[in-house]
Amino acid sequence: MAVLTGWLTRPFVALAEARGTLFPWVPLLIGTGIGLWFSPSWEPGIAVYAGAAAVVLLCVVLRLWGPEAGHPVAVAVACVALGVLACGLRVQIVQAPMLDFRYYGPVTGRVINIDRSQTDAIRITLDRVQLDRVRQARLPERVRISLRGKVADHKPFPGEVVMVTATLQAPDGPVEPGSFDFRRMAFFDRLGAVGYTTAPVVLWQPAPEGWSVARLRRDLALALMRAVPGDAGGFIAGIMTGDRSGLSRDAVQALRDTNMAHLLAISGMHMAFLTGFVFAGLRLAIAAVPPVALRVNGKKLAAVVSLAVAAFYLALSGANVATERAFIMVSVMLGAVLLDRKALTLRSVAMAGVILLLWQPETLLEPGFQMSFAATVALIAGFRAVNRRVVAGHLPRWAMPVFTLVLSSAIGGFATAPYAAAHFNRYADYGLIANLLTVPVMGSVVMPAGAVAGVLAPFGLAGPPLWVMEQGSRWIIWVAHWVAGWNGSVTAVVAPGPWVLPLVTFAGAFLVLLRGAWRGLAAAPALVALVLWVGVERPLVLISADGGLVGVMGAEGRALSAPSGAGFAAQNWLENDGDLATQEMAAARTEMAGEVSLRRFAAAGVTGVALKGKAAAARVAEACAMADLVVVSVPVEVVPEGCILLDPERLRGSGTLALYPVAGGLRVEPTFGGQRVWSSPRRPEGLVAVIRPKATRVAAGP
């Protein structure tokens, strides 16, 4: 009995001994609560939030008046409950109307952002939206429109009120069950409708006169792209202002294929390079003037100025989520300098994580948040594990920068690899080489030259540092294209199940935060995550929400029923399969037979036909006679008896259907059906649970 009691109390004793070092666990526990809130398909009600609040209150009481050995446990439970409460509060803050019907007509609104879509079309995001004959209470707070027509004489500018005739609809949900939910992301961004137009944009009201950050941002981006032509100018404008419209699609793809896209996204690295250069430069300048150095705390003055520069850079770059996250991290670290604490520690990173998760809990699900914190924590822990004095004693002075560069790139790449592979379904095999060739140039040439150019620009002397930026940017773009062209530069990765990344995160946390033999606990979640990822089951058949595309898994990969159309769904299906094929290549695979308007397929003993085109409805009877399942891309009013038919109307409430093999047929799993606040109000109706061959259905009887 005494032995059993000892084993039961051992964790509490270990926690008590670790007091003072437990704060880095706080964001992990808050994130656990957030993850639990996002997990169910139903919306938590008032009872959940009341229970979470009661748990927090009880834990506070236990922390203040309970036994000391239980204090860490009380704080841990309270952190999980706080994560749940933060999500509930955030939903109430951001909740805004979503368009619940398809709209075509005039759209008026103020331009708040300009970027490019995946098809390289310019997109504008509008607020203060007005739609024809739509009541104020139903108006979306923001809409995003892709400009697919010819470029008009007037190009949109932030702050302008514009009018355009566009087609709008609610943001789409996942392209298959369990995949990325764009509708959820749009909800938290207050994006109530997305669409496109082929008509020109009409200026309705010019942007307000006078100075504004938006005007400065746009003018600076245009000036940079005029001064530096080609992708180099687009790259410079992207890293300085967040405007990537000047960067070609090929260049962006090359950066992604070499794991260098982080150089373009304004994030923690850019903030660190810029503020680090300003901080070091100002400290050096103060130290060079002895009368000033003796009277001024150069370290703290440099921290204050660096913080102001970071805030200006945040506003100039458009203040997107990644940049806000980077600014918070930099602010916490500079604040530590002002308080005479170490700037880069696990505690400072944990503090930044706590602020972000409580302020914007949805960022937990974003790849940028996961990758940036994984890299930062791993770098701090990695360099702490390497005894610098030992290394310095065995390496010459000139080799230390090289060693630091290689070690930081290797640690950062290893820490972010599972998150990048899970979210983007690809692994850049030569990403380490590409980053070793470009990150030093980014940190020692491009960003410092950008800071100098910003200081000299008011005096008309920005030319020389801008030329230096151009050379560094051209090098980065050239390396991206060069490495991306190597044979086998990209390895496709199948999408993992929902539990894989949480388990990977816990494994990493155990490895970094636990001490001694307790670190061995990291092996368990890591092994389970690996087994789940390797054994993930992909749908045997996928049917798009409009009935226009069917994908059947075969020996060569997923075969698609059409070489074009539903391109976004096709691309995501193939990527989630870990397949680098294009839609046209997948449509040529042998699992699909017949002409484009009538494709035949078979899966798990079930035969199917995919009908497409204007004459599809007229061929339904023919298709039903030859197959167990018929998918049609146009609405069908009369369905032949005994035919399982799926058309846009019958799929309207289900979204994409995923079919899995079961005994005697295919199990049907709809994408929609959840009851979250951001979910589609439509519900699946009339779907069969299992699709069986006709012979089996007849034998089974009514």
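I began with leucine 57 and found it in helix H3, which covers residues 46–65. The model is a predicted one, and I keep that in mind for every entry below.

**Entry: a patch on helix H3**

Is leucine 57 buried or exposed? I read 57% relative accessibility for leucine 57, so I noted it as exposed. I then looked for its company on the surface. Leu57, Val60, Val61, Leu64 and Trp65 make a nonpolar surface patch of about 550 Å².

**Entry: nonpolar cores**

In soluble globular proteins, nonpolar side chains tend to be buried together. I went to the interior next. The largest nonpolar core has 45 residues. Which of them touch the most other members? I listed Phe235, Ile239, Leu247, Met271, Met442, Met469 and Ile476.

I also noted the elements that give two or more residues to this core. They are helices H6 (213–227), H7 (230–241), H8 (249–257), H9 (268–287), H11 (298–316), H12 (321–338), H17 (431–456) and H18 (463–484). H17 supplies the largest share, with eight residues. I found a second core, separate from this one, with 43 residues. Among its members are Ala81, Val94, Met329 and Ile380.

**Entry: arginine 144**

I looked up arginine 144 and placed it in strand E3, residues 142–147. Its relative accessibility is 17%, so I put arginine 144 down as buried. What does arginine 144 contact beyond its neighbours within four places in sequence? I wrote down Arg123, Ile124, Thr125, Phe182, Leu191, Ala193, Val194 and Gly195.

**Entry: salt bridges**

Side chains of opposite charge can pair when their charged atoms come close. How many salt bridges does the structure hold? The count is 17, and I followed three of the pairs through the chain.

The first pair I took was glutamate 176 with arginine 538, a side-chain salt bridge at 2.7 Å, N to O. The two residues link distant parts of the chain, 362 residues apart. I found glutamate 176 in the loop between strand E4 (161–169) and helix H5 (182–188). Arginine 538 sits in the loop between helix H20 (523–534) and strand E9 (541–543). Glutamate 176 has a relative accessibility of 3% and counts as buried. Arginine 538, at 16%, counts as buried too.

Next I took aspartate 577 and arginine 558, whose side chains meet in a salt bridge at 2.7 Å, N to O. This pair also links distant parts of the chain, here 19 residues apart. Aspartate 577 is in the loop between helix H21 (567–576) and helix H22 (583–587), while arginine 558 is in strand E11, residues 557–560. I noted both aspartate 577 and arginine 558 as buried.

My last pair was glutamate 595 and arginine 619, with the closest N and O atoms 3.6 Å apart. Glutamate 595 lies in the loop between H22 and strand E12 (598–603), and arginine 619 lies in the loop between strand E13 (606–611) and helix H23 (620–626), so the bridge ties together parts that are 24 residues apart in sequence. Glutamate 595 is partly exposed, with a relative accessible area of 47%. Arginine 619, at 21% relative accessibility, is also partly exposed. I then checked for shared partners. Salt bridges that share partners join Glu176, Arg538, Arg558 and Asp577 into one network.

**Entry: cysteines**

I searched for disulfides, and the count comes to one. Which cysteines does it join? They are cysteine 624 and cysteine 643, with a distance of 2.0 Å from S to S. The torsion about this S-S bond is about -70°, so I recorded the disulfide as left-handed. The partners are 19 residues apart and link distant parts of the chain. Cysteine 624 is in helix H23, and cysteine 643 is in the loop between strand E14 (629–632) and strand E15 (644–646). I read relative accessible areas of 5% for cysteine 624, which is buried, and 12% for cysteine 643, also buried.

Why does cysteine 59 have no bond to cysteine 79? The closest cysteine sulfur to that of cysteine 59 is in cysteine 79, and the 9.0 Å between them is too far for a bond. Cysteine 59 is buried, with a relative accessible area of 6%. Cysteine 87 is in no disulfide either, and its nearest cysteine sulfur, again that of cysteine 79, is 14 Å away. At 1% relative accessibility, I noted cysteine 87 as buried.

Notes. Residues numbered from 1 in each chain as written. Predicted model: local features only at pLDDT ≥ 70, side-chain atom pairs only at ≥ 80, totals over all residues. Heavy atoms only, no water. Helix = DSSP H or I, 4+ residues; strand = E, 2+ residues; numbered from the N terminus. Buried < 20%, exposed > 50% of the residue type's maximum accessible area, 1.4 Å probe, protein only. Contact = heavy atoms within 4.5 Å. Salt bridge = Lys/Arg side-chain N within 4 Å of Asp/Glu carboxyl O. Patch = residues over 30% accessible without salt bridge, like charges linked within 9 Å, V, L, I, M, F, W, Y side chains within 5 Å. Areas by Shrake-Rupley, 256 points an atom, 1.4 Å probe, with all protein chains shown as cover. Core = buried A, V, L, I, M, F, W, Y, C linked by side-chain atoms within 4.5 Å. Disulfide = S-S within 2.5 Å.
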